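Please open the structure in a viewer and keep a selection tool at hand. The stops below are to be taken in order.

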Amino acid sequence: MTSDTSLAAALAAGTVVLDGGMSNQLESAGHDLSDELWSARLLAERPEAITEAHLAYFEAGADVAITASYQATFEGFARRGIGRERAAELLALSVESAREAARRAAAKGVTRPLWVAASVGPYGAMLADGSEYRGRYGLSVDELADFHRPRLEVLASARPDVFALETVPDADEARALLRVVRGLGVPAWLSYTVEGDRTRAGQPLEEAFALAAEVDEVIAVGVNCCAPQDVDGAVRTAARVTGKPVVVYPNSGEAWDAGARAWAGRSSFTPEEVTGWRASGARLIGGCCRVGPEAIAGIAAALTP
């Protein structure tokens with residue numbers, strides 16, 4: 001653990017700041033991510049770039065770094081000719097890269113506790129066709145659990161502080177993920193991608209959040225990779241249904257065009273919104289796609305007592 005304090009204890013005591021989008025930070029540094037592996041490709045080719053991106057967020061005020069393993073899967077790496085042993089090494093490297101960034105932040109004078117969250121993206125992220133914004137893959141809960149189990153086990157062996165079960169579009173996939181995390185010895189947060197008051201697959205958020213209410217491993221429940229305007233209602237629902245701290249990290253407000261593999265529209269994300277989210281029950285707050293270090297610095301400032 002990067003900090004002697006558990007993330008669960010920190011959430012019980014107050015608000016914790018998440019980082020922002022990994023891909024936009026890498027792209028701003030000049031890295032080409034036009035690839036099915038997305039940022040996970042750099043784990044194999046430029047791991048130092050991943051560490052530098054994490055460090056930028058720690059220096060901006062983030063307390064938690066989310067690893068570059070969102071799109072890192074055995075299946076995805078295999079399509080690039082990377083075998084299972086090397087793929088497992090790269091998954092572990094995603095955690096170590098964030099740890100190294102925390103060490104560098106400390107060496108530069110950052111004294112607050114820092115944590116590492118191992119990103120576990122949905123099945124649709126491996127497909128790299130925008131399926132994570134639809135769900136309903138045609139797979140059973142058992143099949144989804146079989147898909148997620150191997151990399152969750154590898155990530156657990158790398159000893160992150162927490163799993164980020166993130167951008168989950170479908171309650172069925174949440175069921176699979178919650179089944180797999182039991183007994184791995186790593187706490188988790190569960191975060192859906194939503195549209196309005198429903199998951200991307202169309203299930204009511206009240207029902208989707210309820211799945212995590214009695215799962216001891218889950219220390220926070222909420223939403224990410226959604227429009228900022230969808231956050232308020234989701235926070236209130238998650239807090240009411242689960243009684244757990246709420247995690248929120250929306251996109252900038254721009255929209256992802258999966259066909260063009262590009263963002264369109266304007267940013268509508270403002271750090272000042274976060275105080276309202278905190279008042280509604282959010283305790284783990286940051287940004288997702290197109291939210292960079294400057295915005296995270298604004299969030300950290302807005303949440304400072």
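The tour below goes from the sheet to the helices and then to two loop residues. Please bear in mind throughout that this is a predicted model.

**Stop 1: the sheet**

Begin by displaying the strands alone. Eight of them form an open sheet in the order β1-β12-β9-β8-β5-β4-β3-β2, and the pairing is parallel. Which strands stand at the edges? They are β1 (16-17) and β2 (64-66); each has a single partner strand, so one side of each lacks a neighbour in the sheet.

**Stop 2: from the β1 edge inwards**

Select β1 together with β12. These two strands pair in the parallel sense over two bridges, and Val16 can be found opposite Leu284 in β12.

Next, add β9 to the selection. Three bridges join β9 to β12, again with the strands running parallel. Val248 has Ile285 in β12 as its bridge partner.

Then extend the selection to strand β8, residues 218-224. Four bridges connect β8 to strand β9 (residues 246-249), and the two run parallel. Within this pair, Gly222 stands opposite Val247 in β9. Now show helix α11, residues 231-242, which packs on the sheet and touches β8, β9 and β12 (282-285). The direction of α11 makes about 160 degrees with that of β9.

**Stop 3: strand β4 and its two partners**

Select residues 162-168, which make up strand β4. Is this strand mostly covered or mostly uncovered? It is mostly covered, seven of its seven residues being buried.

Add strand β3 (residues 115-120), which runs parallel to β4 and is joined to it by four bridges. Ser119 stands opposite Ala164 in β4. Then add strand β5 (residues 188-192); β4 and β5 pair in the parallel sense over four bridges. The residue to centre on is again Ala164, whose bridge partner in β5 is Trp189.

**Stop 4: helices α4 and α13**

Hide the strands and show helix α4 (residues 47-60) with helix α13 (residues 293-303). A pair of packed helices is described by the angle between the axes and the distance between them. Here the axes come within 8 Å and cross at roughly 30 degrees. Angles under 35 degrees count as roughly parallel, and α4 and α13 are therefore roughly parallel to each other. The crossing of α4 past α13 is right-handed.

Display the side chains where the two helices meet. From α4 these are Ala56, Tyr57 and Ala60; from α13 they are Pro293, Ile296, Ala297 and Ala300. How do the residues of this contact divide into nonpolar, polar and charged? Seven are nonpolar, none is polar and none is charged.

**Stop 5: Leu55 and Ser97**

Remain on helix α4 and select Leu55, which lies in it. Leu55 counts as buried, at 10% relative accessibility. Leaving aside residues up to four places away in sequence, Leu55 touches Ala101, Arg104, Ala105 and Lys108. For a longer view, draw a distance from Leu55 to Ala164: the two are 109 residues apart in sequence and 19 Å apart in space, C-alpha to C-alpha.

Now select Ser97, which is found in helix α6 (residues 84-107). Is Ser97 buried or exposed? Ser97 counts as buried, with 3% relative accessibility. With residues up to four places away in sequence not counted, Ser97 touches Pro47, Ile50, Thr51 and His54. A second distance can be drawn from Ser97 to Gly202, which are 105 residues apart in sequence and 36 Å apart in space, C-alpha to C-alpha.

**Stop 6: two residues with positive phi**

Finally, show the loop between α7 (123-127) and α8 (141-157), where Ala128 lies. Most residues other than glycine have a negative phi. Ala128 is not a glycine, yet it has a positive phi of about 55 degrees. Ala128 is buried, with a relative accessible area of 17%.

Move on to Arg136, which also has its place in the loop between α7 and α8. Arg136 has a positive phi of about 50 degrees although it is not a glycine. Arg136 is partly exposed, at a relative accessible area of 47%, whereas Ala128 is buried.

Technical notes:
Residues numbered from 1 in each chain as written. Predicted model: local features only at pLDDT ≥ 70, side-chain atom pairs only at ≥ 80, totals over all residues. Heavy atoms only, no water. Pairing = 2+ DSSP bridges. Contact = heavy atoms within 4.5 Å. Axes fitted to C-alpha atoms, helices over the stretch in contact; angles between N-to-C directions. Parallel < 35°, antiparallel > 145°, perpendicular 65-115°, else oblique. Left-handed = near helix turned anticlockwise from the far one by under 90°. Nonpolar A, V, L, I, M, F, W, Y, C, P; charged D, E, K, R; others polar. Buried < 20%, exposed > 50% of the residue type's maximum accessible area, 1.4 Å probe, protein only.
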